[in-house]
Amino acid sequence: MGTRFRDFCFYWVSSVFFVFLLSMFHLVQGKHRHNGSSSELIVQSGRSCDFFHGSWVFDASYPLYDSATCPYVEPEFNCQKYGRPDKKYLQFRWKPRDCDLPRFDGKSFLWSLRRKKMMFVGDSLSLNQFQSLLCMLHAAVPTARTTYVRKDGLTSLTFEDYKVSVMYYRSTYLVDIVKENIGRVLKLESISGGDAWKGIDVLVFNTWHWWVHRGKSQPWDYVQDGTVVQKDMDRLVAFEKGLTTWARWVDTTIDPSKTRVFFQGVSPTHYLGKEWNQPGAKSCAGQTEPVAGSVYPGGPPPADAVVKRVVGRMNKPVYLLDVTLLSQLRKDAHPSAYSGDHSGMDCSHWCVAGLPDTWNELLSAGLGL
């Protein structure tokens with residue numbers, strides 16, 4: 001009886017210990033899902049990896065493709081075609097502080113997403129990332145059979161051999177703008193456009209760029225907050241209210257077992273040289289080097305805190321592509337005057353090839369590819 005009891009105890013303790021070890025293994029090996037964390041932690045060589053803090057290093061093996069061979073680049077982002085004389089901005093690689101960001105593998109990306117749909121939803125910064133990804137995939141499988149469709153605010157490229165569709169849905173605010181008798185109304189609590197995002201396997205959202213537009217470039221006449229309709233309101237407050245409506249849509253609509261959700265984060269601009277300790281600079285013109293080190297002197301934009309606060313309150317898992325800091329360091333990566341569609345000085349968007357390729361390497365890592 002005593003021997004059998006001792007054997008039973010040993011078996012029970014061993015089983016509990018094994019379950020404990022197994023649970024710890026999955027906790028470490030799996031992605032650390034977060035509600036509001038600025039990044040997900042991935043394990044590399046036994047260490048947790050924060051992909052979003054690090055610095056830029058020169059790497060002659062970049063860029064990942066030649067924009068001249070990519071048929072999907074908008075003139076707005078095609079800096080080399082429109083006369084940019086320097087190319088060093090193409091040869092910087094993002095180096096996280098404690099690990100390495102995996103180099104993008106286009107074939108693996110397509111195989112992993114076979115029979116799936118990915119959609120970028122947002123403004124022209126989403127278009128920036130979308131076109132970068134199309135070029136990265138085209139470079140990996142240049143002879144693949146594809147179908148390209150562009151209609152009514154939706155652009156898609158389907159890789160027929162993999163049955164993978166990569167799409168871009170234009171929605172500058174994510175929430176709705178509705179034409180009414182008084183004019184165009186930005187409705188902070190309405191998101192009927194979300195019907196077009198249902199049934200997608202991977203969603204990558206973005207908004208902020210248009211929330212600060214005024215005058216002729218502002219696409220609405222009134223803003224509605226609840227039952228209150230007014231000519232204007234604090235834009236950062238409006239942004240948080242609109243983003244909260246998006247978060248509520250995700251929490252009530254998305255099934256995490258079927259759909260992965262990403263938020264692109266706030267893409268910065270470079271119009272004030274004092275932000276990177278160059279007070280004489282009035283724009284990104286002539287910038288050919290990233291900001292050295294891992295700290296941006298001007299600090300994060302206020303919208304960055306709003307994004308993290310809203311995502312932090314969500315119930316459903318959302319992977320925050322926290323691209324703000326690493327993009328702030330790239331004052332050299334904008335089209336500046338070398339844009340086919342953007343008059344004047346463009347220090348808001350990014351050259352393709354260029355910085356958005358890194359965003360997509362981070363997206364690939366976030367997908368576990």
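Helix H4 passes helix H5 in a right-handed crossing, and that's a handy place to start in this predicted model. Two packed helices are described by the angle between their axes and the distance between the axes. For H4 (residues 235–253) and H5 (residues 302–312), the axes come within 10 Å and cross at roughly 30 degrees. Angles under 35 degrees count as roughly parallel, so H4 and H5 get that label with respect to each other. If you want to pick out the side chains involved, H4 brings Leu236, Phe239, Glu240, Leu243, Thr244 and Ala247, while H5 brings Pro302, Ala303, Val306, Val307, Arg309 and Val310. Sorted by class, this H4 and H5 contact holds nine nonpolar residues, one polar residue and two charged ones.

Now swing over to another helix pair, H3 and H7. Helix H3 covers residues 124–140, and its axis sits 8 Å from the axis of H7, with a packing angle of about 75 degrees. Since the range from 65 to 115 degrees counts as roughly perpendicular, H3 is roughly perpendicular to H7. On the H3 side you'll find Leu125, Asn128, Gln129, Ser132, Leu133 and Met136, and they meet Pro356, Asp357, Trp359, Asn360, Glu361 and Leu363 of H7. The class count for the contact of H3 with H7 is six nonpolar, four polar and two charged residues.

H7 is also a good lead into the enclosed spaces. How many cavities of 30 Å³ or more does a search of the whole structure find? The search turns up two. The largest cavity has a volume of about 90 Å³, and 13 residues line it, with Tyr62, Leu90, Phe92, Gly354 and Asp357 closest to its centre. H7 supplies three residues of this lining, the largest share. Asp357 is worth a second look: it is among the H7 residues that meet H3, and it is also one of those closest to the centre of the largest cavity. As for chemistry, the lining of the largest cavity has nine nonpolar, two polar and two charged residues.

The second largest cavity has a volume of about 40 Å³. Its lining is made up of Asp123, Leu125, Asn206, Trp208, His209, Val266 and Ser267, which split into three nonpolar, three polar and one charged. Leu125 ties this cavity back to the helices, as Leu125 is also one of the H3 residues in the contact with H7.

Trp208 and Ser267 take us on to the open side of things. Both line the second largest cavity, and both are among the residues nearest the centre of the largest pocket, along with Pro268, Thr269 and Tyr271. That pocket has a volume of about 420 Å³ and a lining of 21 residues. By class, the pocket lining has nine nonpolar, 11 polar and one charged.

Finally, a few backbone details to check if you're going through torsions. Where are the cis peptide bonds? One joins Tyr62 and Pro63, with omega at about 10 degrees. Pro63 belongs to the loop between strand S3 (54–58) and strand S4 (92–96), and its partner Tyr62 is one of the residues closest to the centre of the largest cavity. Another cis bond joins Val352 and Ala353, with omega at about 5 degrees. Here the second residue isn't a proline: Ala353 is in the loop between helix H6 (324–328) and helix H7 (355–366).

Then there's positive phi outside glycine. Lys163 has a phi of about 55 degrees, and you'll find Lys163 in the loop between strand S7 (154–159) and strand S8 (164–170). Asn277 also has a positive phi, near 60 degrees. The Asn277 site is in the loop that runs between strand S14 (260–263) and H5, which brings us back to the helix that H4 passes in a right-handed crossing.

Note on methods. Residues are numbered from 1 along each chain as its sequence is written. This is a predicted model: local features need pLDDT of at least 70, side-chain atom pairs count only at pLDDT 80 or more; totals for chains, interfaces and linings use all residues. Side-chain values use heavy atoms; hydrogens and water are left out. Axes are lines fitted to C-alpha atoms, for helices over the stretch in contact, and angles run from 0 to 180 degrees between N-to-C directions. Helices (H or I, at least four residues) and strands (E, at least two) are DSSP runs, numbered from the N terminus. Angles under 35 degrees count as roughly parallel, over 145 as roughly antiparallel, 65 to 115 as roughly perpendicular and the rest as oblique. A crossing is left-handed if the near helix is turned anticlockwise from the far one by less than a right angle, and right-handed if clockwise. Contact means heavy atoms within 4.5 Å. Ala, Val, Leu, Ile, Met, Phe, Trp, Tyr, Cys and Pro count as nonpolar, Asp, Glu, Lys and Arg as charged, and the others, Gly among them, as polar. On a 1 Å grid over the protein atoms alone, a cavity is a set of points where a 1.4 Å probe fits but cannot get out, and a pocket is an open set with protein on both sides within 12 Å along at least five of seven lines; lining residues have an atom within 4 Å of a point. Grid points are joined across faces, edges and corners, and a volume is the space filled by probe spheres set on the points.
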